[in-house]
Amino acid sequence: MVSREKLGLVSLTSYRPGPAMLVTAAFIGPGTVTACASAGIGFGYGLLWALVFATLSTIILQNMAARVAIVTGQGLAEAILAAASSPPVRWATAALIFAALGIGNSAYQAGNISGTGLGLALLGIGDDLVSPPLRALATGAVAAALVIVGKPGWLEKLLIALVLAMALAFIGGLIVIDVDWSAAAAGLVPSLPADSLFTAIALIGTTVVPYNLFLHAASVRGQFSPDGEGIAAASMDTAISVTLGGILSMAVVIMGAATSAMAAASGSPLEDIALRLEELFGPPARIVFALGLVGAGFSSSLTAPLATGYVLAEMLGGSGDPARRTRIFKRTALAVIAIGTAFAVLAVNPVELILIAQSANGLLLPILAAFLLWVASRRESLGSFANGFVANLAGGLVVLVCTLLGLRLILRAAGVWP
């Protein structure tokens, strides 16, 4: 048993943003902002509770992934595949990981790049100045350049800066809006307004993201000591970073709810909020929201290819050849950026790839969560840092919810569930 003193609980005053901020940078993307805006406009404050649940679930899973990586010194893909002793299970799991991250992130990267372009358009860099294809090319080129020349520590600092910029933009927007805080507080109590079930599940699905587990595990290695103090510091980093992400998501829901009574300005929830804010408070309000959207799009444009590169390097790079791993990492990340940029430039909706990605994620999310729970509970590899009863109970609940979420994703991709 590890004592509280040995855990070296870190005070909030000494906290500095760390690798877990990459998790926030990853899940606060254009898709999340769109889902949150739609939830606020469509259902007011009534689904804020879903984001609270999603935030707590993400903290639980990300803490497990980080702890496994810190103690074992392995990336999450390595740890899961090593723990799967049966070759058929190992190959099937590897195939699911590749499908969900390699194919899925390439498809979703188009949305990240297009979302960045929409934010730039709302800033005033519209079609009359720069066409959407050129905005997409510029975004993809900058992301590729950062992958080629950027160092991991430098990229981490850039992503942290983007998260803080999003915080200033989205939370700052709440300061100038007339929010019904009593109604917002009531929205923290679980309930399902009419026809809101799918939206509630979507809010959870945009926060509990499989590739973030791999990204987080890869980023914490070597940054925290494999002892009580290091685990405590990583846990605090996760709790603060993911909670900040949850607050940002809730801020967008609240902005959508607070402006929902106004007439719609366009067909896009994001443009609706931006233009409603401008109508209420002038161009600066629109600009602040647009800056947050640019930060959300560009941060996800970096984290999706980085996560895919890390995982492919772990699975194919071999343990004794760092140069080979680096080559696989960069080539994979650049391929994801190139495919996403091509779809965004051509304005192609990669429906088939997204359907494959949804199916793969639907399978991967509960399986990965169950594997993670199992790996994090193995005393053979984690010793005293293995999950206890409370952690396993909380993790089991998350696995159950992830299973239901995965079933919904599979049925939706198959056209059975709207």
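**Group meeting: contacts and salt bridges in a helical chain**

Let me start with one residue. Leaving out residues up to four places away in sequence, Met64 touches Leu372, Leu373, Ala376, Asn387, Ala391 and Gly395. Met64 belongs to helix α4, residues 48-72. Is Met64 buried or exposed? Met64 is buried, because its relative accessibility is 3% and the cut-off for buried is under 20%. Another residue to look at here is Ala369: 305 residues separate Met64 from Ala369 along the chain, yet their C-alpha atoms are 9.8 Å apart.

I should say now that this is a predicted model.

Now the chain as a whole. There are 18 helices and 0 strands. The chain has 418 residues, and 54% of them are buried. If you take contacts between residues at least 6 apart in sequence, 84% of those join residues at least 24 apart. The accessible surface is about 17,200 Å², and carbon and sulfur atoms account for 69% of that.

Next, the core. The largest nonpolar core has 111 residues, and the members that touch the most others are Val33, Leu76, Phe170, Met255 and Phe289. Take Phe289. Apart from residues up to four places away in sequence, Phe289 touches Val33, Phe170, Met255, Leu270, Ile273, Ala274 and Leu277.

On to helix α14, which covers residues 283-316. How many of the 34 residues of α14 are buried? The count is 26, so to speak of α14 as mostly covered is fair. From first C-alpha to last, α14 reaches 50 Å, close to the 50 Å expected at 1.5 Å a residue. Ser300 sits in α14. Ser300 is buried, with a relative accessible area of 2%. Setting aside neighbours within four places in sequence, the contacts of Ser300 are Ala25, Ala26, Ile28, Gly29, Pro30, Gln109, Asn112 and Pro305.

Helix α15 is residues 322-345. What span should its 24 residues have at 1.5 Å a residue? The expected figure is 34 Å, and the end C-alpha atoms are 34 Å apart, which agrees. The buried residues of α15 include Arg325, Ile328, Phe329 and Thr332. Just after α15, Ala347 has a positive phi of about 55 degrees.

Arg325 brings me to the salt bridges. How many salt bridges does a search of the whole structure find? It finds 2.

One is between Arg221 and Glu78, with the closest N and O atoms 3.2 Å apart. Arg221 is in the loop between α11 and α12, while Glu78 is in helix α5, so the pair ties together parts 143 residues apart in sequence. Arg221 is partly exposed at 28% relative accessibility, whereas Glu78 is buried at 17%.

The other is between Arg325 and Glu78, with the closest N and O atoms 2.5 Å apart. This pair links α15 to α5, across 247 residues of sequence. Here both Arg325 and Glu78 are buried. Through shared partners, the salt bridges join Glu78, Arg221 and Arg325 into one network.

Last, the surface. Ile175, Val176, Leu280 and Phe281 make a nonpolar patch of about 380 Å². The elements giving two or more residues to the patch are α8, residues 152-176, and α13, residues 269-281. Leu280 lies in α13. Why does Leu280 count as partly exposed? Because its relative accessible area is 44%, and partly exposed runs between the 20% and 50% cut-offs.

That is all I have.

Key
Residues numbered from 1 in each chain as written. Predicted model: local features only at pLDDT ≥ 70, side-chain atom pairs only at ≥ 80, totals over all residues. Heavy atoms only, no water. Patch = residues over 30% accessible without salt bridge, like charges linked within 9 Å, V, L, I, M, F, W, Y side chains within 5 Å. Areas by Shrake-Rupley, 256 points an atom, 1.4 Å probe, with all protein chains shown as cover. Salt bridge = Lys/Arg side-chain N within 4 Å of Asp/Glu carboxyl O. Helix = DSSP H or I, 4+ residues; strand = E, 2+ residues; numbered from the N terminus. Buried < 20%, exposed > 50% of the residue type's maximum accessible area, 1.4 Å probe, protein only. Contact = heavy atoms within 4.5 Å. Core = buried A, V, L, I, M, F, W, Y, C linked by side-chain atoms within 4.5 Å. Expected span 1.5 Å × (residues − 1).
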